[in-house]
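Here are some exercises to work through with the structure open beside you. Try each task on your own before reading the solution.

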Amino acid sequence: MAPAAAEQSKRLRILLVPFFATSHILPVTDLAFHLAAARPDAVEAAIVAVTPANAPIVRSALARREPSHAIARVEVATYAFPAVDGLPPGVENMSTVNAADAWRLDAAVTSEAVMRPAQESFIMESSPDAIISDLPFFWWHAGIAAKLGIPCVFFHVLGNFPSLAMWRLAFMGVKEDEAAPGSSVTIPQFPGPEISLPVTELPHFLRRPPPIDKETCDQIMMNLKSCGFIANTFVDLEPEYLDSYNDCGYVKRTYCVGPLSLPMPPPAAASSASDKSACLDWLDTMPTHSVVYLCFGSLTNFSEAQLDELALGLEASGVPFLWVVRGNKTREPTGRVEGACWEQGYGSQGVGPTDGHTPAPVGGSVRDAVRVELGPRDDRGRRACSDMADAVRAVYHGEVRDSSDIDRGAPVARGRWGA
């Protein structure tokens, strides 16, 4: 066989390296499956590389799929998680770490000095034909790929809208310590209506960016512009933001592969009774736009005292609510939440009233997030649960009609929490 023909017929071993969070690992695992399924003639193996404590998440996601040739070509590989001072062994996931250890884990997994040695050793030994790197690791994975002479494409679990917003703000150079108190920033060169955000609500890496010299910055930009970008979105969802992202020249090409990690259909053999959800059944009895929904995502950490204040404030608001709590928070909030239903499932817990209390909605849908500052109890003993209740009622009953009624430089209510 001629060398060119041999090269063309070679099937690829693609290495995918997700960030240390379940919300990243699951989409990357799904991407690995679709790579193997879509091009069986071109993909020999899609290898998902994680640390040992995160391997069960990948295996569980694959086990929920029906057996197939594509599943057989998705491999799970592990590399060692480095020892980190003060971090207990086995704590390797931002979605499950407790509040006390979260900062240590975050500092470790975003540090090239800490993470690169183990990852580089693993990648060099694996000798893949291509690397798909989660965005937090891309800065050093691109360099490793260059050593091997293989392509490195970076993946972002988000779509083009937030990705473009973050890039624009990053290059704008927003710094919290240089901004006036209560100031906002408008996203520059952004399609559609003007969007302004309080500086205090921007991600930490935008408010307090790490120091970086010009040479390193130039190297990062060169790597970006020579690589592709895999976005967890689809073109028809946000075409103007996709066009703007491509036109800005940050990346060589954008591949829209979403939505990834869609809910799997229940097994055909499962009975309808066993699949019933108490929370979903309760929602079916509620009028349209009558339930307040709360979810703080998989990376937010609350102390037990803060969870208690949130729960008691929701109850005191007197409005129906559905609250999604991280799955490792198995303890119900202290104090009785009247008529509440706790349900465990798929790594989350839902809590909502089931006592039939269904006040008629006045304000319609909730159009703005409730912001309550959780600080020390004040001199009068005021607690955050009171302010949480006031804020939820204000939004629910239409006293806050839309985002233009809110001063985005300050919380809706400044609460206090305490024992």
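**Exercise 1.** In which strand is Glu75 found? Then describe its surroundings and its exposure.

*Solution.* Keep in mind throughout that this is a predicted model. Start with the location: Glu75 belongs to strand β3, which covers residues 74-78. Next, look for its partners. Leaving aside residues up to four places away in sequence, Glu75 touches Arg13, Ala45, Ala46, Ile47 and Val48. Now take a C-alpha distance: Glu75 and Leu15 are 60 residues apart along the chain, and their C-alpha atoms are separated by 9.4 Å. Finally, the relative accessible area of Glu75 is 32%, which lies between the 20% and 50% cut-offs, so the residue is partly exposed.

**Exercise 2.** Work out how helices α8 and α11 pack, and which residues make the contact.

*Solution.* Two numbers are needed first, since two packed helices are described by the angle between their axes and the distance between the axes. For α8 (residues 160-172) and α11 (residues 239-247), the angle is about 40 degrees and the axes are 9 Å apart. Roughly parallel would require an angle under 35 degrees, and roughly perpendicular begins at 65, so α8 and α11 are oblique to each other. The handedness comes next: α8 and α11 make a left-handed crossing. Then list the residues. From α8 come Asn160, Phe161, Ser163, Leu164, Trp167 and Arg168, and they meet Tyr241, Leu242, Ser244 and Tyr245 of α11. Sorted by character, the residues of this contact are six nonpolar, three polar and one charged.

**Exercise 3.** How many aromatic pairs does a search of the whole structure find? Pick out the pair that Phe161 and Phe190 form, and classify it.

*Solution.* The search gives 15 aromatic pairs. For Phe161 and Phe190, the ring centres are 5.3 Å apart and the planes make an angle of 70 degrees. Planes over 60 degrees apart count as edge-to-face, so that is the class of this pair. Now place the two rings along the chain. Phe161 sits in helix α8, while Phe190 is in the loop between β6 (184-186) and β7 (196-198); the pair links distant parts of the chain, 29 residues apart. Compare the exposure too: Phe161 has 32% relative accessibility and is therefore partly exposed, whereas Phe190, at 13%, counts as buried. As a last step, look for linked rings: Phe138, Trp139, Phe154, Trp167, Phe171, Phe229 and Tyr245 form a cluster through ring pairs. Trp167 and Tyr245 in this cluster also appear in the contact of α8 with α11.

**Exercise 4.** Examine the backbone at Ser127, Gln189 and Pro259.

*Solution.* Begin with phi. Ser127 is a residue other than glycine with a positive phi, near 50 degrees. Its place is the loop between α6 (112-126) and β4 (130-134), and its relative accessible area of 46% makes it partly exposed. Gln189 is not a glycine either, and its phi is positive at about 50 degrees. Gln189 lies in the loop between β6 and β7; with a relative accessible area of 62%, it is exposed. Then turn to omega: at about 0 degrees, the peptide bond joining Gly258 and Pro259 is cis. Pro259 is in the loop between β9 (253-256) and α12 (278-284).

**Exercise 5.** Step back and summarise the whole chain.

*Solution.* Count the elements first: the protein chain has 14 helices and 15 strands. Next comes burial, with 43% of the 419 residues buried. Last, consider the contacts with a separation of 6 or more: residues 24 or more positions apart account for 71% of them.

Notes. Residues numbered from 1 in each chain as written. Predicted model: local features only at pLDDT ≥ 70, side-chain atom pairs only at ≥ 80, totals over all residues. Heavy atoms only, no water. Axes fitted to C-alpha atoms, helices over the stretch in contact; angles between N-to-C directions. Helix = DSSP H or I, 4+ residues; strand = E, 2+ residues; numbered from the N terminus. Parallel < 35°, antiparallel > 145°, perpendicular 65-115°, else oblique. Left-handed = near helix turned anticlockwise from the far one by under 90°. Contact = heavy atoms within 4.5 Å. Nonpolar A, V, L, I, M, F, W, Y, C, P; charged D, E, K, R; others polar. Phe/Tyr/Trp six-rings, centres within 6.5 Å; stacked < 30°, edge-to-face > 60°. Buried < 20%, exposed > 50% of the residue type's maximum accessible area, 1.4 Å probe, protein only.
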